[in-house]
Amino acid sequence: MFHHLLVATGSHPRSFRAVCAALRLAWCTGIPVTILFIVEVSPSGGPAARGSSRDAIAAGDRMFARARRIAAALRIDCTCRYGFGSDADSVIAEAMATHDCDLLVLPPPSRRIMTPATTEAGCDV
């Protein structure tokens, strides 16, 4: 089975949904969770175009506080970390390797992706 869960989040409005789903999964399975809040920075080292790093860290602090309250109530081993970089995929890959995570939870996409197969089946993807 799985041994450690990583939740990759950011300033996306639906990120906390991924955190809640991961905490629920961790509670059911008894595995520890690491929440990674990704702060996008430009390749030159400054903040990315969408807001400042300070705003992103403030949003991360709020998310971490909510997640820690839920994790404490459920008695889940939960660690909160920031990841900084211009490429979210590489930040996630590094965190997976560093924290020895074998399961990744991501927020839902910002827009609905509908293909003919999911439309016919009546599914949201």
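## Overall architecture

Helices (H or I, at least four residues) and strands (E, at least two) are taken here as DSSP runs, numbered from the N terminus. On that basis, the secondary structure of this predicted model comes to four helices and four strands, and from the N terminus on these elements follow one another in the order β-α-β-α-β-α-β-α.

Of the 125 residues in the protein, 34% are buried, while the accessible surface comes to about 7,800 Å², with 55% of that area belonging to carbon and sulfur atoms. Among the contacts in the protein with a separation of 6 or more, 72% are accounted for by residues 24 or more positions apart.

## Strand 1 and its two neighbours

Strand 1, which spans residues 5–9, has five of its five residues buried, so this strand is largely enclosed by the rest of the structure. The side chains are divided between two directions, with L5, V7 and T9 pointing one way from strand 1 and L6 and A8 pointing the other way, and all of these residues are buried.

Strand 1 is joined to strand 2 (residues 33–40) by five bridges, and these two strands run parallel. Within this pairing, L5 has V33 of strand 2 as its bridge partner, and A8 stands opposite L36 in strand 2. To get from strand 1 to strand 2, the chain passes through helix 1 (residues 15–29), and the resulting β-α-β crossover is right-handed.

Strand 1 is also joined to strand 4 (residues 103–105), in this case by three bridges and again with a parallel course. In this pairing L6 stands opposite L104 of strand 4.

## Strand 2 and strand 3

Strand 2 has seven of its eight residues buried, so it too is largely enclosed by the rest of the structure. Strand 2 pairs with strand 3 (residues 78–85) in the parallel sense, over eight bridges. The residue V33, which is the bridge partner of L5, also has a bridge partner in strand 3, namely C78.

## Helix 1 and the loop that follows

C20 lies in helix 1 and has a relative accessible area of 26%; because buried means under 20% and exposed means over 50%, the residue C20 counts as partly exposed. Although C20 and A67 are 47 residues apart in sequence, the distance between them in space is 7.7 Å, C-alpha to C-alpha.

G30 is placed in the loop between helix 1 and strand 2. With a relative accessible area of 62%, G30 lies above the 50% cut-off and is therefore exposed. G30 and H3 are separated by 27 residues in sequence and by 8.8 Å in space, again taken from C-alpha to C-alpha.

## A nonpolar surface patch

Which residues form a nonpolar patch on the surface? The patch is formed by W27, I70 and L74, which together have about 270 Å² of accessible area. L74 belongs to helix 2, which covers residues 53–74. The relative accessible area of L74 is 31%, so this residue is partly exposed, and its value fits the requirement that residues in such a patch have over 30% relative accessible area.

Technical notes
Residues are numbered from 1 along each chain as its sequence is written. This is a predicted model: local features need pLDDT of at least 70, side-chain atom pairs count only at pLDDT 80 or more; totals for chains, interfaces and linings use all residues. Side-chain values use heavy atoms; hydrogens and water are left out. Patches are made of residues with over 30% relative accessible area and no salt bridge: like charges are joined within 9 Å, nonpolar side chains (Val, Leu, Ile, Met, Phe, Trp, Tyr) within 5 Å. Accessible areas come from the Shrake-Rupley method with a 1.4 Å probe; for residues, only the protein chains shown count as cover. A salt bridge is a side-chain nitrogen of Lys or Arg within 4 Å of a carboxyl oxygen of Asp or Glu. Buried means under 20% relative accessible area, exposed over 50%, partly exposed in between (1.4 Å probe, protein chains only). Two strands pair if DSSP finds at least two bridges between them. A crossover is right-handed if, with the strands pointing away from the viewer, the path from the first strand over the helix to the second runs clockwise. Contact means heavy atoms within 4.5 Å.
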